[in-house]
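Please open the structure in your viewer and keep the sequence beside it, since this tour moves from one selection to the next and says what is to be found at each stop.

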Amino acid sequence: VLRKNVDGSVDIFEVKHVNNVSPVIRNDVYIQYYVISHCLEKINSFNVVYKNADNESSDSKGEKFIYQDLMQEAISQQDIVQQKVAMFKGILGGLEPNIEMGDHCTTPYECPYMNYCKGNMSTQLI
């Protein structure tokens, strides 16, 4: 969700159906910030919004959602993201890499190309 402020700056809200901000979500935010920061000049905040698992506690004030601004953290990761983007562009511009299947095929998500890598060509590629 993008919210444009009176001064022209933008607040970004990435809504997730989770109870915490995992490393996978953080990495996703870093990449999204990289892309968006190349399109928008005045980003005021980049928030992850998620369910408050403890909204019954006295210190949570009954809030159903937690808003966590990760913009400064995302900014601190931009050199690493830029290096990875360059690396992936190089891979896309070259021959298909020859990489053995392993845990990286299922973590953090299952790869949709696993049948291709197994040699089962009966499965349609995306």
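Begin by selecting Lys-51 and, leaving out residues up to four places away in sequence, show what it touches: Lys-16, His-17, Val-18, Asn-19, Lys-64 and Phe-65. Lys-51 lies in strand 3 of this model, which is a predicted one, and at 37% relative accessibility Lys-51 counts as partly exposed. Add Ile-66 to the selection and draw a line between the two C-alpha atoms, which are 6.2 Å apart in space although Lys-51 and Ile-66 are 15 residues apart in sequence.

Next, select helix 1, which covers residues 23-37. Its 15 residues should span 21 Å at 1.5 Å a residue, and because its end C-alpha atoms are 21 Å apart, the model agrees with that expectation. Within helix 1, colour Ile-25, Val-29, Tyr-30, Tyr-33 and Tyr-34, which are buried, and then show what the buried residues of this helix pack against, namely strand 3 (43-51), helix 2 (71-76) and helix 3 (78-93).

From there, go on to Gln-78, whose place is in helix 3. Is Gln-78 buried or exposed? Gln-78 is buried, because its relative accessible area of 12% falls under the 20% cut-off. Setting aside neighbours within four places in sequence, Gln-78 is in contact with Tyr-30, Tyr-33 and Tyr-34, residues that are among the buried ones of helix 1.

Finally, stay in helix 3 and select Phe-88, which is partly exposed, with a relative accessible area of 46%. Add Met-87 and Ile-91 to the selection, and you will have the nonpolar surface patch of about 280 Å² that these two residues make with Phe-88.

Conventions:
Residues are numbered from 1 along each chain as its sequence is written. This is a predicted model: local features need pLDDT of at least 70, side-chain atom pairs count only at pLDDT 80 or more; totals for chains, interfaces and linings use all residues. Side-chain values use heavy atoms; hydrogens and water are left out. Helices (H or I, at least four residues) and strands (E, at least two) are DSSP runs, numbered from the N terminus. The expected span of a helix is 1.5 Å times one less than its number of residues. Buried means under 20% relative accessible area, exposed over 50%, partly exposed in between (1.4 Å probe, protein chains only). Contact means heavy atoms within 4.5 Å. Patches are made of residues with over 30% relative accessible area and no salt bridge: like charges are joined within 9 Å, nonpolar side chains (Val, Leu, Ile, Met, Phe, Trp, Tyr) within 5 Å. Accessible areas come from the Shrake-Rupley method with a 1.4 Å probe; for residues, only the protein chains shown count as cover. A salt bridge is a side-chain nitrogen of Lys or Arg within 4 Å of a carboxyl oxygen of Asp or Glu.
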